[in-house]
Amino acid sequence: MKLTLHHVSFSSENVSRLDTFYRDVLQLDAVTQDIPKQEKNKGYAGQLAFRTDGAVQTHIAQKDLTVGFKTGHAVNPVERGHIAYRTDDIEAFKAHLDAQDIPYSDWGHTAAAEWHQVFFYDPDGNVIEVHQAKDR
């Protein structure tokens with residue numbers, strides 16, 4: 001089970017404005033591949049934008065304080081943003097969280113068709129995502 005930093009996600013009331021900032025000020029390119037298909041009919045239909053420095057992605061999501069209620073999950077990843085890691089074995093990582101007594105929300109493919117996602121909190125309440133991409 002290996003983890004690699006995949007993306008940092010920011011939540012915004014104005015996705016277009018924040019996307020323009022990351023494009024113009026930080027000169028990040030648009031992400032053209034490895035973007036999950038948004039499952040808009042499963043509880044989150046917010047606007048999204050994706051930028052990259054070529055190694056790590058920056059995701060910008062429309063803030064939605066009710067997405068946890070709509071999807072039936074305890075952790076809301078678009079309330080205030082999160083940091084995300086990719087794993088090569090999501091089941092082993094979930095077993096690791098269980099062994100560490102870390103509660104998590106298993107989103108499965110609720111938000112992204114190609115990614116199996118779990119979300120949990122660090123000791124200071126920051127949201128962390130770990131996901132595994134489907135083999136293509």
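This passage walks through the sheet, one helix and the salt bridges of a predicted model. Residues are numbered from 1 along each chain as its sequence is written, and side-chain values use heavy atoms, with hydrogens and water left out. Since the model is predicted, local features need pLDDT of at least 70 and side-chain atom pairs count only at pLDDT 80 or more, while totals for chains, interfaces and linings use all residues.

Let's start with the sheet. Its 8 strands form an open sheet with mixed pairing, in the order 2-3-4-1-5-8-7-6. Strands here are DSSP runs of E with at least two residues, helices are runs of H or I with at least four, and both are numbered from the N terminus. Two strands count as paired if DSSP finds at least two bridges between them. Strand 2 (29-30) and strand 6 (105-108) sit at the edges with a single partner strand each, so one side of each has no neighbour in the sheet.

Further in, strand 1 (3-12) has strand 4 and strand 5 as partners. With strand 5 (residues 82-87) it runs antiparallel, joined by 6 bridges, and L3 has T87 as its bridge partner there. With strand 4, strand 1 runs parallel, again through 6 bridges; here S12 is matched with Q62. Strand 5 also runs parallel to strand 8 (residues 127-133), with 4 bridges between them, and R86 finds its bridge partner in H131 of strand 8. As a general point, side chains in a regular strand alternate between the two faces of the sheet.

Now for helix 1 (residues 15-24), where V15, D19 and Y22 are the buried residues. Seen down the helix axis, they fall within an arc of 65 degrees, so they line one face of the helix; the arc is taken from the directions from the axis to the C-beta atoms. "Buried" means under 20% relative accessible area, "exposed" means over 50%, and "partly exposed" is in between (1.4 Å probe, protein chains only). Those buried residues pack against strand 1, strand 3 (48-52) and strand 4 (57-62), where contact means heavy atoms within 4.5 Å. F21, also in helix 1, is partly exposed because its relative accessibility is 40%.

Then there are the charged pairs. Side chains of opposite charge can pair when their charged atoms come close. A search of the whole structure turns up 6 salt bridges, each being a side-chain nitrogen of Lys or Arg within 4 Å of a carboxyl oxygen of Asp or Glu. One of the residues on the buried face of helix 1, D19, meets R51 in a salt bridge at 2.7 Å, N to O. This pair ties together distant parts of the chain, with R51 in strand 3 and D19 in helix 1, 32 residues apart. R51 counts as buried because its relative accessibility is 9%, and D19 is buried too, at 16%.

R86 of strand 5 turns up again, in a salt bridge with D34 whose closest N and O atoms are 3.0 Å apart. D34 lies in the loop between strand 2 and strand 3, 52 residues away from R86 along the chain. D34 is partly exposed, at 25%.

Finally, K94 and D106 form a salt bridge, with 2.7 Å between the closest N and O atoms. K94 is in helix 3 (residues 90-99) and D106 is in edge strand 6. At 10% relative accessibility K94 is buried, whereas D106 is partly exposed at 31%. Salt bridges with shared partners also bring in E91, joining E91, K94 and D106 into one network.
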